Amino acid sequence: MFDGPAHATAPSRDNVERLTVIACGAIAREIVAILTANGLDHVDLTCLPAVLHNAPKKIAPAVEAAILKARNRGASRIFIAYADCGTGGHLDAVCERHGVERIAGPHCYSFFLGNDRFAAEGDANMTTFWLTDFLARQFDAFIAKPFRLDRYPEMTAMLFGNYERVVHIAQTDDAELDARARAIADRLGLAHERRFVGYGDLVDAIATAAGAARPQLATG
């Protein structure tokens, strides 16, 4: 689990300007895989705690602090590997203030699925509880325990009563994660659906920011 903040620096390439990626810890595993698959060893990755998603108002200030810290280290090129993630536009304001870009989309569920596809599905998404591989692994830590479902299971109906299905948008083919996702759906009393989507729009977003000419897919 990436509960950061963490900072990793790869060996530099000659004549290639370094890029700092400030990312949500919940997608750190996927970003590392993309960097490795594309040989992007001129990228420095800083991961913020994934648990910030339980308090989205804290995301924009945390990202801004990370930008300032990176600037103080001498970083000139910075890319933000967060979608809006419930910040209500505050993250975009931070990006504009510091002249940096972020990955497009309202949240990671959208860019993993593909932002165009997510938008096209429209209202059907309103009654969907989305699981990424990360959340399938960390459901107890990020959902059950913070909302006390482990102690008060009767709260499940109150919190999830308006949902109709759990959709596991899988980054990898992993039988254990598939089983976990099914168990989560059963626990919540919802229908289960699995879609293998890989890394979706994240591949092009990271590779383009890093200057990769022909992005290689990375699906774990």
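Two strands pair if DSSP finds at least two bridges between them. The exercises below apply this and related criteria to a predicted model.

**Exercise 1. The sheet**

Determine how many bridges join strand β7 to β8, and establish the strand order of the sheet and which strands stand at its edges.

*Solution.*
Step 1. Strand β7 (residues 165–170) is joined to β8 by six bridges, and the two strands run parallel. Within the sheet, Arg165 lies opposite Ala191 of β8.
Step 2. The sheet is open and has three strands in the order β6-β7-β8, with parallel pairing.
Step 3. The edges are formed by β6 (128–131) and β8 (191–196); each has a single partner strand, so one side of each lacks a neighbour in the sheet.
Step 4. Direction ignored, neighbouring strands are turned by 25° against each other on average.
Step 5. Helix α9 (residues 175–188) packs on this sheet and touches β6, β7 and β8, its direction making about 150° with that of β8.

**Exercise 2. Helices α1 and α10**

Classify the orientation of α1 and α10, and identify the residues that make their contact.

*Solution.*
Step 1. The axes of α1 (residues 28–37) and α10 (residues 202–209) come within 10 Å and cross at roughly 55°.
Step 2. The two helices are therefore oblique to each other, and their crossing is right-handed.
Step 3. From α1, the contact involves Glu30, Ile31, Ile34 and Leu35; from α10, Leu202, Val203 and Ile206 take part.
Step 4. By class, these residues comprise six nonpolar, no polar and one charged.

**Exercise 3. Helices α2 and α3**

Carry out the corresponding analysis for α2 and α3, giving angle, handedness and contact residues.

*Solution.*
Step 1. Helix α2 (residues 59–72) packs against helix α3 (residues 90–98) at an angle of about 20°, the axes being 9 Å apart.
Step 2. Angles under 35 degrees count as roughly parallel, so α2 is roughly parallel to α3. The crossing is right-handed.
Step 3. On the α2 side, Ala60, Val63, Glu64, Ile67, Leu68 and Arg71 meet His90, Leu91, Val94, Arg97 and His98 of α3.
Step 4. The contact residues divide into six nonpolar, two polar and three charged.

**Exercise 4. A salt bridge of strand β8**

State how many salt bridges are counted, and locate the partners of the pair Arg195 and Glu121 along the chain.

*Solution.*
Step 1. The cut-off is a side-chain nitrogen of Lys or Arg within 4 Å of a carboxyl oxygen of Asp or Glu; the count comes to eleven salt bridges.
Step 2. One of them joins the side chains of Arg195 and Glu121, at 2.8 Å from N to O.
Step 3. Arg195 belongs to strand β8 and Glu121 to helix α5 (residues 115–121); the pair, 74 residues apart, links distant parts of the chain.

Definitions and conventions:
Residues are numbered from 1 along each chain as its sequence is written. This is a predicted model: local features need pLDDT of at least 70, side-chain atom pairs count only at pLDDT 80 or more; totals for chains, interfaces and linings use all residues. Side-chain values use heavy atoms; hydrogens and water are left out. Axes are lines fitted to C-alpha atoms, for helices over the stretch in contact, and angles run from 0 to 180 degrees between N-to-C directions. Helices (H or I, at least four residues) and strands (E, at least two) are DSSP runs, numbered from the N terminus. Angles under 35 degrees count as roughly parallel, over 145 as roughly antiparallel, 65 to 115 as roughly perpendicular and the rest as oblique. A crossing is left-handed if the near helix is turned anticlockwise from the far one by less than a right angle, and right-handed if clockwise. Contact means heavy atoms within 4.5 Å. Ala, Val, Leu, Ile, Met, Phe, Trp, Tyr, Cys and Pro count as nonpolar, Asp, Glu, Lys and Arg as charged, and the others, Gly among them, as polar.
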